[in-house]
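Here are a few exercises to work through with the model open beside you. Try each task before reading its solution.

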Amino acid sequence: TEILTDKVAPTISAVASTDPTDCGVADGTITISATSSAGNAIEYSINGGLTYQSSNVFSGLDASGTPYGIRVRNVGGTCVVSDAPVIITDKIAPAITAVQPVNPSNCGVNDGSIGISSTFSGAVEYSIDGGTNWQAGNSFPNLGPGTYNVFIRNTDGSCLTPYASNPVILTAPNAPSITNVTFTDP
């Protein structure tokens, strides 16, 4: 007498994903946890079963917006199990909509300013020195004449975006100059 045993489908216990760490960076991941009660080797797919791999970790993923189709199967390919699709979401880059420069009022006076506007709904930070120093406020008072490079970023330090019209130049009024001196002797 011969006993026939049916193939056993693997079981997916969890699917975890991480989004990219920065705008436009392809470093997202998907990790599929699955087991087979029969002890069979399992293969994993995130493209709806078009291709499979032996590792349950998929890395270097981008946020294309297309759902990743989760599938696992026994190595023989006879038992395929699906899970809910996973979407990797890219960070949203903040954008500067306007910069309001105010020149210093006089020579030697540091009362110029730069105000920065953004329509970004999340928390951002601003810089006027090319990204060396950052602050939460969008107003930079007490500035002297000079060249300023304006940037905005997400508060987690990702998605650094420059102002499209950099640099912003503040100028002081021209100092008066003596062009001619006339005099008469007594």
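Exposed means over 50% relative accessible area, buried means under 20%, and partly exposed is in between. Keep in mind that this is a predicted model.

**Exercise 1.** Classify Phe183 as buried or exposed, then find the surface patch that includes Phe183.

*Solution.* Start with the number: the relative accessible area of Phe183 is 66%. That is over the 50% cut-off, so Phe183 is exposed. Next, place Phe183 in the chain: the residue sits in the segment after strand S14 (168-170). Finally, look at the company: Phe183 joins Ile178 and Val181 in a nonpolar surface patch of about 410 Å².

**Exercise 2.** Work out the strand order of the open sheet that holds S1, and say which strands stand at its edges.

*Solution.* The sheet has 3 strands in the order S1-S2-S4, paired antiparallel. Strand S1 (11-18) and strand S4 (57-61) each have a single partner strand, so these two stand at the edges. Neighbouring strands are turned by 10° against each other on average, direction ignored. Now zoom in on S1 and S2 (residues 28-35): 7 bridges join them, and Ser17 stands opposite Ile30 in S2.

**Exercise 3.** Track down the disulfide and give its handedness.

*Solution.* A search of the whole structure turns up 1 disulfide. Cys23 and Cys159 form it, with sulfur atoms 1.8 Å apart. The S-S torsion is about 95°, so the disulfide is right-handed. Cys23 is in the loop between S1 and S2, and Cys159 is in the loop between S12 and S13, so the pair ties together parts 136 residues apart in sequence. As for cover, Cys23 is partly exposed at 23%, whereas Cys159 is buried at 4%.

Definitions and conventions. Residues are numbered from 1 along each chain as its sequence is written. This is a predicted model: local features need pLDDT of at least 70, side-chain atom pairs count only at pLDDT 80 or more; totals for chains, interfaces and linings use all residues. Side-chain values use heavy atoms; hydrogens and water are left out. Patches are made of residues with over 30% relative accessible area and no salt bridge: like charges are joined within 9 Å, nonpolar side chains (Val, Leu, Ile, Met, Phe, Trp, Tyr) within 5 Å. Accessible areas come from the Shrake-Rupley method with a 1.4 Å probe; for residues, only the protein chains shown count as cover. A salt bridge is a side-chain nitrogen of Lys or Arg within 4 Å of a carboxyl oxygen of Asp or Glu. Helices (H or I, at least four residues) and strands (E, at least two) are DSSP runs, numbered from the N terminus. Buried means under 20% relative accessible area, exposed over 50%, partly exposed in between (1.4 Å probe, protein chains only). Two strands pair if DSSP finds at least two bridges between them. Axes are lines fitted to C-alpha atoms, for helices over the stretch in contact, and angles run from 0 to 180 degrees between N-to-C directions. A disulfide is a pair of cysteine sulfur atoms within 2.5 Å.
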